[in-house]
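The following exercises are to be worked with the sequence and the model at hand. Each task is followed by a solution in steps.

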Amino acid sequence: MSRSVLVTGGNRGIGLAIAQAFAEAGDKVAITSRSGEVPEALAKYDVLAVRCDITDAQQVEDAFKEIEEKQGRVEVLVANAGITKDTLLLRMSEDDFASVLDTNLTGTFRVVKQAARGMLRLRKGRVVLISSVVGLTGSAGQANYAASKAGLVGFARSLARELGSRNITVNVVAPGFVDTDMTAVLDDERRAEILSGVPLGRYAAPAEIASAVRFLSSDDAAYITGAVIPVDGGLGMGH
Ligand code: NDP
(Lines give C-alpha, C1' and ligand atoms only; values in the text may rest on other atoms or scores of the structure.)
Protein backbone atom coordinates (compact mmCIF):
# COMPACT_ATOMS: atom_id res chain seq x y z
CA MET A 1 0.00 0.00 0.00
CA SER A 2 1.27 3.46 -0.89
CA ARG A 3 2.15 5.56 2.15
CA SER A 4 2.86 9.25 2.65
CA VAL A 5 6.61 9.51 3.28
CA LEU A 6 8.74 12.54 4.11
CA VAL A 7 12.54 12.54 3.84
CA THR A 8 14.27 15.69 5.08
CA GLY A 9 17.41 16.50 3.12
CA GLY A 10 16.08 14.22 0.38
CA ASN A 11 17.69 16.17 -2.45
CA ARG A 12 21.19 14.68 -2.22
CA GLY A 13 23.44 12.14 -0.54
CA ILE A 14 21.89 9.62 1.83
CA GLY A 15 18.50 11.37 1.85
CA LEU A 16 18.28 11.16 -1.92
CA ALA A 17 18.97 7.41 -1.87
CA ILE A 18 16.28 6.98 0.81
CA ALA A 19 13.74 9.03 -1.17
CA GLN A 20 14.57 7.03 -4.29
CA ALA A 21 14.05 3.71 -2.47
CA PHE A 22 10.60 4.73 -1.20
CA ALA A 23 9.56 6.20 -4.57
CA GLU A 24 10.71 3.03 -6.34
CA ALA A 25 8.51 1.00 -3.98
CA GLY A 26 5.48 3.09 -4.98
CA ASP A 27 5.12 5.31 -1.91
CA LYS A 28 4.12 8.98 -2.10
CA VAL A 29 7.35 10.78 -1.31
CA ALA A 30 7.97 14.37 -0.22
CA ILE A 31 11.50 15.70 0.16
CA THR A 32 12.64 18.89 1.81
CA SER A 33 15.81 20.90 1.34
CA ARG A 34 16.83 24.53 1.58
CA SER A 35 16.54 24.96 -2.20
CA GLY A 36 13.30 23.02 -2.67
CA GLU A 37 14.56 21.63 -5.98
CA VAL A 38 13.81 18.21 -7.44
CA PRO A 39 17.13 16.47 -8.12
CA GLU A 40 17.66 14.87 -11.53
CA ALA A 41 17.66 11.36 -10.00
CA LEU A 42 14.07 11.83 -8.79
CA ALA A 43 12.72 13.47 -11.95
CA LYS A 44 11.10 10.24 -13.18
CA TYR A 45 9.07 9.86 -9.98
CA ASP A 46 6.16 11.98 -8.84
CA VAL A 47 8.06 13.40 -5.88
CA LEU A 48 6.91 16.50 -4.00
CA ALA A 49 9.84 18.85 -3.33
CA VAL A 50 9.31 21.46 -0.62
CA ARG A 51 11.66 24.25 0.40
CA CYS A 52 12.23 24.09 4.13
CA ASP A 53 15.11 25.14 6.35
CA ILE A 54 14.73 22.98 9.46
CA THR A 55 16.33 25.65 11.66
CA ASP A 56 13.17 27.74 11.16
CA ALA A 57 10.08 26.43 13.01
CA GLN A 58 7.70 28.44 10.81
CA GLN A 59 9.16 26.97 7.62
CA VAL A 60 8.79 23.48 9.10
CA GLU A 61 5.15 24.14 10.01
CA ASP A 62 4.43 25.54 6.52
CA ALA A 63 6.14 22.57 4.87
CA PHE A 64 3.95 20.12 6.79
CA LYS A 65 0.81 22.04 5.78
CA GLU A 66 1.80 21.76 2.12
CA ILE A 67 2.76 18.08 2.37
CA GLU A 68 -0.42 17.13 4.24
CA GLU A 69 -2.56 18.99 1.69
CA LYS A 70 -0.85 17.38 -1.28
CA GLN A 71 -0.15 13.79 -0.15
CA GLY A 72 -1.89 13.35 3.21
CA ARG A 73 -0.57 13.10 6.76
CA VAL A 74 2.99 11.85 6.98
CA GLU A 75 3.01 8.15 7.90
CA VAL A 76 6.76 7.62 7.54
CA LEU A 77 9.20 10.33 8.56
CA VAL A 78 12.91 10.02 7.85
CA ALA A 79 14.73 12.85 9.63
CA ASN A 80 17.97 12.86 7.66
CA ALA A 81 19.02 16.51 7.17
CA GLY A 82 22.25 17.34 8.94
CA ILE A 83 25.48 19.32 8.79
CA THR A 84 29.06 19.21 10.09
CA LYS A 85 31.32 22.05 11.24
CA ASP A 86 34.40 20.12 12.29
CA THR A 87 37.20 21.58 14.35
CA LEU A 88 39.03 20.88 17.59
CA LEU A 89 37.40 22.00 20.82
CA LEU A 90 39.64 24.99 21.55
CA ARG A 91 39.06 26.35 18.07
CA MET A 92 35.31 25.64 18.12
CA SER A 93 33.27 28.82 18.40
CA GLU A 94 29.97 28.90 20.22
CA ASP A 95 28.32 29.39 16.85
CA ASP A 96 30.07 26.29 15.41
CA PHE A 97 28.61 24.31 18.30
CA ALA A 98 25.15 25.87 18.44
CA SER A 99 24.47 25.82 14.70
CA VAL A 100 25.26 22.10 14.40
CA LEU A 101 23.02 21.35 17.38
CA ASP A 102 20.30 23.62 15.98
CA THR A 103 20.24 21.77 12.66
CA ASN A 104 20.95 18.17 13.64
CA LEU A 105 19.13 17.92 16.97
CA THR A 106 16.70 20.82 17.39
CA GLY A 107 15.89 20.73 13.66
CA THR A 108 14.98 17.06 14.03
CA PHE A 109 12.83 17.93 17.06
CA ARG A 110 10.95 20.54 14.98
CA VAL A 111 10.25 18.08 12.19
CA VAL A 112 9.34 15.11 14.40
CA LYS A 113 6.97 17.25 16.46
CA GLN A 114 4.99 18.22 13.37
CA ALA A 115 4.96 14.65 12.07
CA ALA A 116 3.90 13.17 15.42
CA ARG A 117 0.79 15.36 15.47
CA GLY A 118 -0.49 13.68 12.31
CA MET A 119 0.69 10.21 13.32
CA LEU A 120 -1.14 10.44 16.66
CA ARG A 121 -4.36 11.15 14.76
CA LEU A 122 -3.67 8.28 12.36
CA ARG A 123 -2.75 6.04 15.31
CA LYS A 124 0.20 4.71 13.36
CA GLY A 125 3.55 5.91 12.14
CA ARG A 126 7.21 5.22 11.56
CA VAL A 127 9.95 7.64 12.53
CA VAL A 128 13.56 6.97 11.56
CA LEU A 129 16.31 9.36 12.66
CA ILE A 130 19.67 9.39 10.91
CA SER A 131 22.36 9.58 13.57
CA SER A 132 25.98 8.48 13.09
CA VAL A 133 28.49 5.99 14.44
CA VAL A 134 30.41 8.95 15.90
CA GLY A 135 27.44 9.79 18.14
CA LEU A 136 28.20 6.52 19.91
CA THR A 137 32.00 6.31 19.68
CA GLY A 138 32.93 10.01 19.71
CA SER A 139 35.24 11.59 17.15
CA ALA A 140 38.14 14.02 17.66
CA GLY A 141 37.33 17.28 15.89
CA GLN A 142 33.60 16.56 15.85
CA ALA A 143 32.47 17.30 19.42
CA ASN A 144 29.53 19.38 18.18
CA TYR A 145 28.44 16.83 15.57
CA ALA A 146 28.90 13.81 17.86
CA ALA A 147 26.94 15.53 20.64
CA SER A 148 24.08 16.26 18.25
CA LYS A 149 24.04 12.68 16.95
CA ALA A 150 24.20 11.18 20.47
CA GLY A 151 21.35 13.50 21.42
CA LEU A 152 19.21 11.91 18.72
CA VAL A 153 19.44 8.56 20.49
CA GLY A 154 18.02 9.88 23.79
CA PHE A 155 15.43 11.84 21.85
CA ALA A 156 14.33 8.78 19.85
CA ARG A 157 14.18 6.49 22.86
CA SER A 158 12.06 8.98 24.81
CA LEU A 159 9.65 9.24 21.90
CA ALA A 160 9.58 5.46 21.49
CA ARG A 161 8.23 5.38 25.05
CA GLU A 162 5.81 8.29 24.55
CA LEU A 163 4.36 7.16 21.26
CA GLY A 164 4.53 3.36 21.38
CA SER A 165 0.99 2.92 22.67
CA ARG A 166 -0.26 4.68 19.53
CA ASN A 167 1.43 2.24 17.19
CA ILE A 168 4.22 4.67 16.31
CA THR A 169 7.77 3.30 16.22
CA VAL A 170 10.83 5.51 16.58
CA ASN A 171 14.23 4.15 15.61
CA VAL A 172 17.71 5.38 14.81
CA VAL A 173 20.02 4.40 11.98
CA ALA A 174 23.68 5.05 12.71
CA PRO A 175 25.70 5.04 9.47
CA GLY A 176 29.47 4.81 9.39
CA PHE A 177 31.24 6.54 6.53
CA VAL A 178 29.18 6.97 3.40
CA ASP A 179 30.23 8.34 0.03
CA THR A 180 28.46 11.72 -0.16
CA ASP A 181 29.24 15.46 -0.34
CA MET A 182 29.70 15.40 3.45
CA THR A 183 32.66 12.99 3.29
CA ALA A 184 34.03 14.22 -0.07
CA VAL A 185 35.79 17.03 1.83
CA LEU A 186 38.01 14.57 3.75
CA ASP A 187 41.60 14.37 2.49
CA ASP A 188 43.24 11.08 1.39
CA GLU A 189 45.14 10.70 4.65
CA ARG A 190 41.97 10.97 6.75
CA ARG A 191 40.11 8.62 4.40
CA ALA A 192 42.85 5.98 4.75
CA GLU A 193 42.83 6.41 8.52
CA ILE A 194 39.04 5.90 8.65
CA LEU A 195 39.12 2.88 6.35
CA SER A 196 41.77 1.19 8.49
CA GLY A 197 39.13 0.99 11.25
CA VAL A 198 36.35 -0.41 9.05
CA PRO A 199 36.34 -4.23 8.99
CA LEU A 200 34.57 -4.26 5.62
CA GLY A 201 37.32 -1.98 4.29
CA ARG A 202 35.16 0.44 2.31
CA TYR A 203 32.71 3.30 2.61
CA ALA A 204 28.97 2.57 2.37
CA ALA A 205 26.95 3.46 -0.68
CA PRO A 206 23.98 5.70 0.22
CA ALA A 207 21.62 2.94 -0.96
CA GLU A 208 22.95 0.67 1.81
CA ILE A 209 21.70 3.14 4.42
CA ALA A 210 18.38 3.37 2.57
CA SER A 211 17.91 -0.41 2.89
CA ALA A 212 18.00 -0.25 6.69
CA VAL A 213 15.62 2.72 6.72
CA ARG A 214 13.18 0.92 4.45
CA PHE A 215 13.31 -2.16 6.68
CA LEU A 216 12.54 -0.12 9.83
CA SER A 217 9.60 1.44 7.98
CA SER A 218 8.21 -1.89 6.80
CA ASP A 219 5.66 -4.27 8.35
CA ASP A 220 8.52 -6.68 9.08
CA ALA A 221 9.84 -4.18 11.65
CA ALA A 222 6.50 -3.61 13.41
CA TYR A 223 7.89 -4.79 16.77
CA ILE A 224 11.13 -2.78 16.65
CA THR A 225 11.20 0.55 18.46
CA GLY A 226 13.84 2.49 20.39
CA ALA A 227 16.55 0.63 18.48
CA VAL A 228 19.82 1.96 17.12
CA ILE A 229 20.79 0.08 13.97
CA PRO A 230 24.41 0.50 12.93
CA VAL A 231 25.14 0.44 9.19
CA ASP A 232 28.85 1.06 9.41
CA GLY A 233 30.81 -1.86 7.98
CA GLY A 234 31.69 -2.91 11.53
CA LEU A 235 33.38 0.36 12.50
CA GLY A 236 31.40 0.67 15.76
CA MET A 237 31.14 -3.10 16.38
CA GLY A 238 27.44 -2.97 17.10
CA HIS A 239 27.36 0.34 18.96
P1 NDP B 1 24.98 15.83 2.59
O2 NDP B 1 25.86 16.93 3.04
O3 NDP B 1 25.24 15.16 1.28
O4 NDP B 1 23.45 16.31 2.61
C5 NDP B 1 22.94 16.96 3.74
C6 NDP B 1 21.45 17.15 3.55
O7 NDP B 1 20.93 17.83 4.69
C8 NDP B 1 21.13 17.98 2.33
O9 NDP B 1 19.99 17.48 1.72
C10 NDP B 1 20.88 19.35 2.94
O11 NDP B 1 20.01 20.15 2.17
C12 NDP B 1 20.21 18.97 4.23
N13 NDP B 1 20.28 20.06 5.19
C14 NDP B 1 21.37 20.52 5.84
N15 NDP B 1 21.05 21.57 6.62
C16 NDP B 1 19.72 21.79 6.46
C17 NDP B 1 18.80 22.73 6.97
N18 NDP B 1 19.16 23.70 7.83
N19 NDP B 1 17.52 22.66 6.58
C20 NDP B 1 17.14 21.71 5.72
N21 NDP B 1 17.95 20.79 5.18
C22 NDP B 1 19.23 20.84 5.55
O23 NDP B 1 25.01 14.77 3.77
P24 NDP B 1 24.82 13.18 3.79
O25 NDP B 1 23.87 12.74 2.79
O26 NDP B 1 26.17 12.60 3.86
O27 NDP B 1 24.20 13.03 5.26
C28 NDP B 1 22.82 12.86 5.51
C29 NDP B 1 22.65 12.54 6.98
O30 NDP B 1 23.41 11.38 7.30
C31 NDP B 1 23.17 13.65 7.90
O32 NDP B 1 22.33 13.76 9.02
C33 NDP B 1 24.54 13.14 8.30
O34 NDP B 1 24.93 13.66 9.54
C35 NDP B 1 24.28 11.65 8.37
N36 NDP B 1 25.48 10.84 8.25
C37 NDP B 1 26.30 10.92 7.15
C38 NDP B 1 27.43 10.13 7.07
C39 NDP B 1 28.36 10.16 5.90
O40 NDP B 1 29.42 9.52 5.98
N41 NDP B 1 28.06 10.85 4.82
C42 NDP B 1 27.78 9.21 8.16
C43 NDP B 1 26.85 9.19 9.25
C44 NDP B 1 25.75 9.98 9.28
P45 NDP B 1 20.55 21.38 1.27
O46 NDP B 1 20.76 20.81 -0.08
O47 NDP B 1 19.46 22.37 1.37
O48 NDP B 1 21.85 21.85 1.88
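Helices (H or I, at least four residues) and strands (E, at least two) are DSSP runs, numbered from the N terminus. The model is predicted, so local features need pLDDT of at least 70 and side-chain atom pairs count only at pLDDT 80 or more, while totals for chains, interfaces and linings use all residues. Residues are numbered from 1 along each chain as its sequence is written.

**Exercise 1. Locate Thr84 and state whether Thr84 is buried or exposed.**

Step 1. Thr84 sits in the loop that joins strand S4 (76–79) to H3.

Step 2. A residue is buried if 20 or more other C-beta atoms lie within 10 Å of its own, exposed if 12 or fewer, and partly exposed in between, with C-beta atoms placed from the backbone. Thr84 has 20 other C-beta atoms within 10 Å and is therefore buried.

Step 3. Two residues are in contact if their C-beta atoms, placed from the backbone, lie within 7 Å. Leaving aside residues up to four places away in sequence, Thr84 touches Val100, Gln142, Tyr145 and Met182.

Step 4. Ala21 is 63 residues from Thr84 along the chain, and their C-alpha atoms are separated by 25 Å.

**Exercise 2. Carry out the corresponding analysis for Asp179.**

Step 1. The loop between strand S6 (168–175) and H6 holds Asp179.

Step 2. Asp179 counts as partly exposed because 14 C-beta neighbours lie inside 10 Å.

Step 3. Beyond residues up to four places away in sequence, Asp179 touches Tyr203 and Ala205.

**Exercise 3. Describe how H3 packs against H5 and against H2.**

Step 1. Two packed helices are described by the angle between their axes and the distance between the axes. Axes are lines fitted to C-alpha atoms, for helices over the stretch in contact, and angles run from 0 to 180 degrees between N-to-C directions.

Step 2. The axes of H3 and helix H5 (residues 143–163) cross at roughly 20° and come within 9 Å. H3 is therefore roughly parallel to H5 (angles under 35 degrees count as roughly parallel, over 145 as roughly antiparallel, 65 to 115 as roughly perpendicular and the rest as oblique).

Step 3. The crossing of H3 and H5 is right-handed, a crossing being left-handed if the near helix is turned anticlockwise from the far one by less than a right angle, and right-handed if clockwise. The residues of this contact of H3 with H5 comprise 13 nonpolar, five polar and two charged. Here Ala, Val, Leu, Ile, Met, Phe, Trp, Tyr, Cys and Pro count as nonpolar, Asp, Glu, Lys and Arg as charged, and the others, Gly among them, as polar.

Step 4. Helix H2 (residues 57–71) packs on H3 at an angle of about 35°, with the axes 9 Å apart, and the crossing of H2 and H3 is right-handed. Ala57, Val60, Glu61, Phe64 and Glu68 in H2 meet Arg110, Val111, Gln114 and Gly118 in H3. Four nonpolar, two polar and three charged residues make up the contact of H2 with H3.

**Exercise 4. Which residues are closest to the ligand, and which helices each supply at least two residues of the shell?**

Step 1. A residue is near a molecule or strand if its C-beta atom, placed from the backbone, lies within 6 Å of it. The ligand is surrounded by 28 residues, of which Gly9, Gly13, Arg34, Gly82 and Thr180 are the closest.

Step 2. At least two shell residues come from each of helix H1 (13–24), H3 and helix H6 (181–184).

Step 3. By class, the shell has nine nonpolar, 15 polar and four charged residues.
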